[in-house]
Amino acid sequence: MKETPSELRIHNNMKAGYLTVEGFLGKDDRHFHDIIREDHAVLQKISISAVQLAERMEYFTGKAFEIYDGAIIIDEKFRVEYKSYRGKIICPFAHPGVFRKGEIFFKNLENGIELCWTPLNIHMIAEHGFFEGKGSKHRLDPVILKQALFGNGDL
Amino acid sequence: MIISVINTVLIVAAISGLLALLLVIADLLFANYGEMKITINGKKELVVKGGSSLLGLLNDNKIYLASACGGRGSCGFCKCKVNSGGGPLLPTEKPFLTPQEIEDNIRLSCQIKVKEDIFIEIPENIFNVQKYKAVVTEIKDLTYDIKELTLKLQEPASINFKAGQYVQLESPPYEKSRQSASRAYSISSSPDNQHFIQLIIRLVPAGICTTYIFDYLKSGDEINFTGPFGDFSIRDSQADMLFIAGGSGKAPIKSMVEYLYQHGSKRRMIYMFGARTRKDLYYTELFQDLEKKMVNFTYVPILSQPTEECEWKGKCGYVTPFFPEYIRDPQNTEAYLCGSPGMIAAVIKGLKSNGINEANIFYDSFA
């Protein structure tokens, strides 16, 4: 597939060694358009939108951010911890704006699902419907993400 | 039908790409903006060949505004005030500017193409910023994820900076990164030592620059940096000083305390360092030694999650509950903070509720 200069720039930004050592595509050899399209189809199947998921992630992230050192238990069933790193990172979609470097460690205490995301993940999901490629460190499978954030029985 | 649509999209995309490329080539070959003047702070004039970015032209004249993205318009660091001649504000700049900054004519210098005489304002201390070549003389593990880097300056061979300022270290392209990257790190050594600087660097998982420093950089290697930047520095007063840091936030505070010691400061100083467990503590002996040398200096390490293995007999919890114990006169206290944005926000709230005036709270957030 021939890419426009803008798509090429985005694609390069997503590769390992451009914005981060590991990149955003993992071992996934699909084009980022295909990753977004296929995850969008999954979202439709499980009746939730990318924005709804991102808003829930933002809710937990905000709560954990206030407790700057250590974990917080939210609503008696979610354990969330925010680990800050120095600096900011840009969005690989060349979206103007910078995002804090950090990792949010999340555990749903009811169904045991554990996830790790970054502030950039929230933006990419909300604005671009991009959950990263399979095998990427911060890939968030939409089905698991929904189960983790909203609870939907055990895995 | 689908193939036909895809073909049409591809053809349109290819034509658009080709036209964009032709425009860039034409601009490079035929656009001649002639000589332009950049007037800085109403007193310094640079005569430049127009058509390039303001950031690039300033760099060509050895005036270095902070920039972490190499002028791609993605970090938002290279701000300056443009009084006239910068053209209209671009959509690529808006996300980085507050409404107040837009009203004050603050712009991103990397996004401005100089096509006419331009009048700008930059902080005076930017004239002190230079590009440095240095050699790594020592890399020391301070904790499991924090290293101390000692750099001997080569060219120029000395640096003038204020305790609390930072430099932008450049990692070259290497096995895991296809391009160079610049990242900001506070100087942890005292400004009195002008031929060496020390940096305290905490590993950022998958970070391009810190991965280079942790896994590839060796003693004896050359490395480049630009600086000094930043306005986090000691205020000239006799007020009590409360230093609060966490993690690698110890760097600028160490520089400040060492500077104050070397200059025989008699100011009352309390340094509260928040860490999770004992393995996150470092420089403990150094600061305990400074406590012995300076009667007016107290070092207070506080662990938020000490384990049994820590065998910790010191203070436990967050730093904020201990403020009343150490703040003697809130109206005559300056607070200097360095740490994560979450920590800074919580500490500022705690300081204000303990009567410290917000105007006397200075910080360097990991932002």
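Which side chain of chain B meets that of A:Arg86 in a salt bridge? Before selecting anything, keep in mind that this is a predicted model, and that every distance and angle below is computed from it.

**Across the two chains**

Select A:Arg86 and B:Asp364 together, and the answer appears on screen: their side chains meet in a salt bridge with an N to O distance of 3.4 Å. This pair crosses between chains, running from strand E2 of chain A (residues 78–90), which holds A:Arg86, to strand E17 of chain B (residues 361–365), which holds B:Asp364. If you switch on a surface, expect A:Arg86 and B:Asp364 both to be buried. The salt bridges over all chains come to 25, and the next stops take in some others from chain A.

**Salt bridges in chain A**

Move next to A:Lys137 and A:Glu103, whose side chains form a salt bridge at 2.9 Å, N to O. A:Lys137 belongs to the loop between helix H4 (119–128) and helix H5 (142–150) of chain A, while A:Glu103 belongs to strand E3 (residues 98–108) of that chain, so the contact ties together parts that are 34 residues apart in sequence. The two partners also differ in their surroundings, since A:Lys137 is partly exposed at 42% relative accessibility, whereas A:Glu103 is buried at 5%. While you are still in chain A, select A:Asp28, A:Arg30 and A:Glu38, which salt bridges with shared partners join into one network.

Then go to helix H2 of chain A (residues 32–45) and pick out A:Arg37 and A:Asp34, which are about one helical turn from each other because they stand three residues apart in that helix. Their side chains meet in a salt bridge of 3.0 Å, again N to O. With a relative accessible area of 21%, A:Asp34 counts as partly exposed, because the buried class is reserved for values under 20%.

**Aromatic rings in chain B**

Now turn to the rings, for which the count over all chains is 24 aromatic pairs. Begin with B:Tyr271 and B:Phe287, an edge-to-face pair whose centres are 5.0 Å apart and whose planes stand at 85°. B:Tyr271 sits in strand E13 of chain B (residues 269–275) and B:Phe287 in helix H6 of chain B (residues 284–293), so this pair links parts that are 16 residues apart in sequence.

Keep B:Phe287 selected and add B:Tyr299: the ring centres are 5.1 Å apart with the planes at 20°, so this pair is stacked. B:Tyr299 comes from strand E14 of chain B (residues 297–303), and the pair therefore ties helix H6 to a part twelve residues away in sequence. B:Phe287 and B:Tyr299 are buried, as is B:Tyr271. To see the wider setting, extend the selection to the cluster linked by ring pairs, whose members include B:Phe232, B:Phe243, B:Phe273, B:Tyr336 and B:Phe362.

**Charges over rings**

B:Tyr282, another member of that cluster, has the charged end of B:Lys250 over its ring, 4.8 Å from the centre. For a second case, select B:Lys279, whose charged end sits over the ring of B:Tyr144, 4.1 Å from the ring centre.

**Two helices of chain B**

Finish by showing helix H5 (residues 250–262) of chain B alongside H6(B), which pack with their axes 12 Å apart and at an angle of about 25°. That angle makes H5(B) roughly parallel to H6(B). Viewed as a crossing, H5(B) passes H6(B) in the left-handed sense.

Key
Residues numbered from 1 in each chain as written. Chains lettered and ligands numbered in written order. Predicted model: local features only at pLDDT ≥ 70, side-chain atom pairs only at ≥ 80, totals over all residues. Heavy atoms only, no water. Salt bridge = Lys/Arg side-chain N within 4 Å of Asp/Glu carboxyl O. Helix = DSSP H or I, 4+ residues; strand = E, 2+ residues; numbered from the N terminus. Buried < 20%, exposed > 50% of the residue type's maximum accessible area, 1.4 Å probe, protein only. Phe/Tyr/Trp six-rings, centres within 6.5 Å; stacked < 30°, edge-to-face > 60°. Lys NZ or Arg CZ within 6 Å of the ring centre and 35° of its normal. Axes fitted to C-alpha atoms, helices over the stretch in contact; angles between N-to-C directions. Parallel < 35°, antiparallel > 145°, perpendicular 65-115°, else oblique. Left-handed = near helix turned anticlockwise from the far one by under 90°.
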